[in-house]
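Hi,

Here is the structure I said I would pass on. Have a look at it first, and my notes follow underneath.

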Amino acid sequence: MIGTLIEKEEIGKYKIIPAEINRVEELNQKLSNAQRLGNEFKSKVSIIFQTEDGPKRVDTTVWSLTDNYIQLKSGVLIPLNALISVEF
């Protein structure tokens, strides 16, 4: 799996930038499923996203999904255009 594993609380330390390839369309169903897993079953998913320091990976629950962001616990937001992969 690509990306350096970080804790959810460390996300704010990195400048999140758009991924080389916009995968929002192809990840849309996975993101909806990840939100359901987080809200109904408290299950974690691996989210890989792009930063200026390279890809980062966080294992966490997805609380909500908007047109532009995924929201994690404690109000942490990751722009959808920065996502590289979502794995269950």
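A word on terms before anything else: helices and strands here are DSSP runs, with at least four residues for a helix and at least two for a strand, numbered from the N terminus. Please also keep in mind that this is a predicted model.

On that basis the chain has 1 helix and 7 strands. Reading from the N terminus, the order is β-α-β-β-β-β-β-β.

Overall shape next. The C-alpha trace spans about 35 × 25 × 25 Å along its principal axes. A compact globule of 88 residues would have a radius of gyration near 12 Å, and the chain has 12 Å, so the two agree. Contacts between residues 24 or more positions apart make up 64% of those with a separation of 6 or more. Buried residues account for 39% of the 88.

As for the surface, about 5300 Å² is accessible, and carbon and sulfur atoms hold 46% of that. The chain carries 11 positive and 12 negative charges, and their mean positions are 6 Å apart.

Now the inside. In soluble globular proteins, nonpolar side chains tend to be buried together. Here, the largest nonpolar core has 18 residues, and the ones with the most contacts inside it are Ile11, Ile47, Phe49, Ile70, Leu72, Ile78 and Leu83. Helix α1 (24–41) and strands β2 (45–51), β5 (69–72) and β7 (83–87) each supply at least two residues of this core.

Ile78 is a good place to start if you want to look around in there. Setting aside its neighbours within four places in sequence, Ile78 is in contact with Ile11, Ile16, Ile47, Phe49, Asn68, Tyr69, Ile70, Leu72 and Leu83. Several of those names also appear in the list of core residues with the most contacts, including Ile11, Ile47 and Phe49.

And what does Val86 touch, leaving aside its neighbours within four places in sequence? The partners are Leu27, Lys30, Leu31, Ala34 and Ser46. Val86 lies in strand β7. Its relative accessible area is 1%, and the cut-off for buried is under 20%, so Val86 counts as buried. From Val86 to Asn33 the C-alpha distance is 10 Å, with their positions 53 residues apart in sequence.

Out in the loops, three residues caught my eye. Asp67 sits between β4 (62–65) and β5. With 73% relative accessibility, Asp67 counts as exposed. Asp67 and Leu80 are 13 residues apart in sequence, and their C-alpha atoms are 8.0 Å apart.

The other two are about backbone angles. Most residues other than glycine have a negative phi. Lys42, in the loop between α1 and β2, has a positive phi near 55°. Lys42 is exposed as well, at 61% relative accessible area. Ser74 also has a positive phi, near 70°, and is placed in the loop between β5 and β6 (77–79). The relative accessibility of Ser74 is 67%, so Ser74 counts as exposed too.

If you open the model today, I would go to Ile78 and its contacts in the core, then to Val86 in β7, and then out to the loops with Lys42 and Ser74.

Cheers

Terms used: Residues are numbered from 1 along each chain as its sequence is written. This is a predicted model: local features need pLDDT of at least 70, side-chain atom pairs count only at pLDDT 80 or more; totals for chains, interfaces and linings use all residues. Side-chain values use heavy atoms; hydrogens and water are left out. The radius of gyration is taken over C-alpha atoms; the globule rule is 2.2 Å times the number of residues to the power 0.38. Buried means under 20% relative accessible area, exposed over 50%, partly exposed in between (1.4 Å probe, protein chains only). Contact means heavy atoms within 4.5 Å. Accessible areas come from the Shrake-Rupley method with a 1.4 Å probe; for residues, only the protein chains shown count as cover. Lys and Arg count as positive and Asp and Glu as negative; His and the chain ends are not counted. The place of a charge is taken as NZ of Lys, CZ of Arg, CG of Asp or CD of Glu. A nonpolar core is a set of buried Ala, Val, Leu, Ile, Met, Phe, Trp, Tyr and Cys residues joined through side-chain atoms within 4.5 Å.
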